[in-house]
Amino acid sequence: MQKVLLVEDDDGIANPLAAALGGGGYAVTRVATGREALALAHDELAAVVLDLGLPDIDGVEVCRRLHDAHPGVPVLMLTARTSEANVVVGLDAGGDDYVTKPFRLAELLARLRALVRRAQSSQGAPVEEEYAAMDVRVDVAARRVWRGDHELDLTPKEFDLLAMLVRQAGTVVTREDIMREVWETNWFGSTKTVDMHVSWLRRKLGDDASAPKYLTTVRGVGLRFETDS
């Protein structure tokens, strides 16, 4: 499992975030101070998720020291400092991306995955190309999907949608994020296109919409691919 260091002093934020990261396939170490972060950081980390409002050392300074000591480890900053100047300072200190509080877990996980992929690619490391949840396995490079021993015949968009949901299995993926990633557009109107593709996927997965095994619709939010039956 890829290792992530979570630096957040607020239990109300850290506990659900650590759970979401764990559900996303990361091995999470959580600390509450900048000193702990600097002591535990190492080059084998996939990423650091860093709150800039720490109780002992300013998060920007922690970011700067992390970048100096471990330049290959990407840092995703969490900040309530929404002004452009503060964000720029954090990025100049070595931060790779940022999410402002309050944030959506699905967005944070998507940004983190993007950072990890870019870091692995730049270092020549192999990028994870397979995802699995329940008895469904997705081979991204070959663009093939199996349910158990049976290979599914999917259209390109069905594949992209299922790959996204399986990759984030156990977490709710919003319709807006689906439209942004799968259809590469910001979408603020009807998402009937998503509903249509979900219906087709359910049929091919053998899912029952009234009692779903794989795909659960979270009313008013989005979709979740389940992690167990």
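This is a short walk through the strands, helices and charged pairs of a predicted model.

## The four-stranded sheet

Let's start with the open sheet, whose 4 strands come in the order β6-β7-β8-β9 and pair in the antiparallel sense. At its edges stand β6 (130–133) and β9 (150–151); each has a single partner strand, so one side of each is left without a neighbour in the sheet. Helix α6 (residues 156–167) packs on this sheet and touches β6, β7 and β8, with its direction at about 115° to that of β7.

Between strand β7 (residues 136–139) and strand β8 (residues 144–147) there are 4 bridges, again antiparallel. To pick out one of the pairings, V136 has R147 in β8 as its bridge partner.

## Salt bridges around that sheet

Two charged pairs are worth a look here. E130 and R137 form a salt bridge, with their closest N and O atoms 3.7 Å apart. E130 has a relative accessible area of 36%, so it is partly exposed, and R137 is partly exposed too, at 32%.

D160 and R143 make the other pair, meeting through their side chains at 3.0 Å, N to O. Since D160 belongs to helix α6 and R143 to the loop between β7 and β8, the salt bridge ties together parts that are 17 residues apart in sequence. D160 counts as partly exposed at 25% relative accessibility, and R143 does as well at 42%.

## The β4 and β5 pair

Elsewhere, strand β4 (residues 75–79) runs parallel to β5, and 4 bridges join them. One of the pairings puts M77 opposite Y98, its bridge partner in β5.

Strand β5 (residues 97–100) has two contrasting faces: D97 and V99 are on the covered one, while Y98 and T100 are on the uncovered one. That places Y98, the partner of M77, on the uncovered face.

## Helix α3

Which residues of helix α3 (residues 59–69) are buried? They are G59, V60, V62, C63 and L66. Looking down the axis of α3, you'd find these buried residues within an arc of 155°, so they line one face of the helix.

The start of α3 has a feature of its own: a side-chain oxygen of D58 reaches to within 3.0 Å of the backbone nitrogen of V60. V60 is also among the buried residues just listed.

## T216 in strand β11

T216 sits in strand β11 (residues 215–218). Is its position buried or exposed? The relative accessible area of T216 is 17%, which is under the 20% cut-off, so T216 is buried.

As for its surroundings, leaving aside residues up to four places away in sequence, T216 touches G222, L223, R224 and E226. With E226 there is also a polar contact, side chain to side chain, at 2.5 Å.

## Other charged pairs

The model's salt bridges come to 16 by count. One of the pairs is R30 with D11, where the closest N and O atoms are 2.9 Å apart. This one links distant parts of the chain: R30 is in strand β2 (residues 26–31) and D11 in helix α1 (residues 11–23), 19 residues apart. R30 is partly exposed at 29% relative accessibility, and D11 is also partly exposed, at 44%.

How values were computed: Residues numbered from 1 in each chain as written. Predicted model: local features only at pLDDT ≥ 70, side-chain atom pairs only at ≥ 80, totals over all residues. Heavy atoms only, no water. Buried < 20%, exposed > 50% of the residue type's maximum accessible area, 1.4 Å probe, protein only. Pairing = 2+ DSSP bridges. Contact = heavy atoms within 4.5 Å. Axes fitted to C-alpha atoms, helices over the stretch in contact; angles between N-to-C directions. Arc of directions from axis to C-beta. Polar contact = N/O pair within 3.5 Å; in protein donor to acceptor, adjacent residues only side chain to side chain. Salt bridge = Lys/Arg side-chain N within 4 Å of Asp/Glu carboxyl O.
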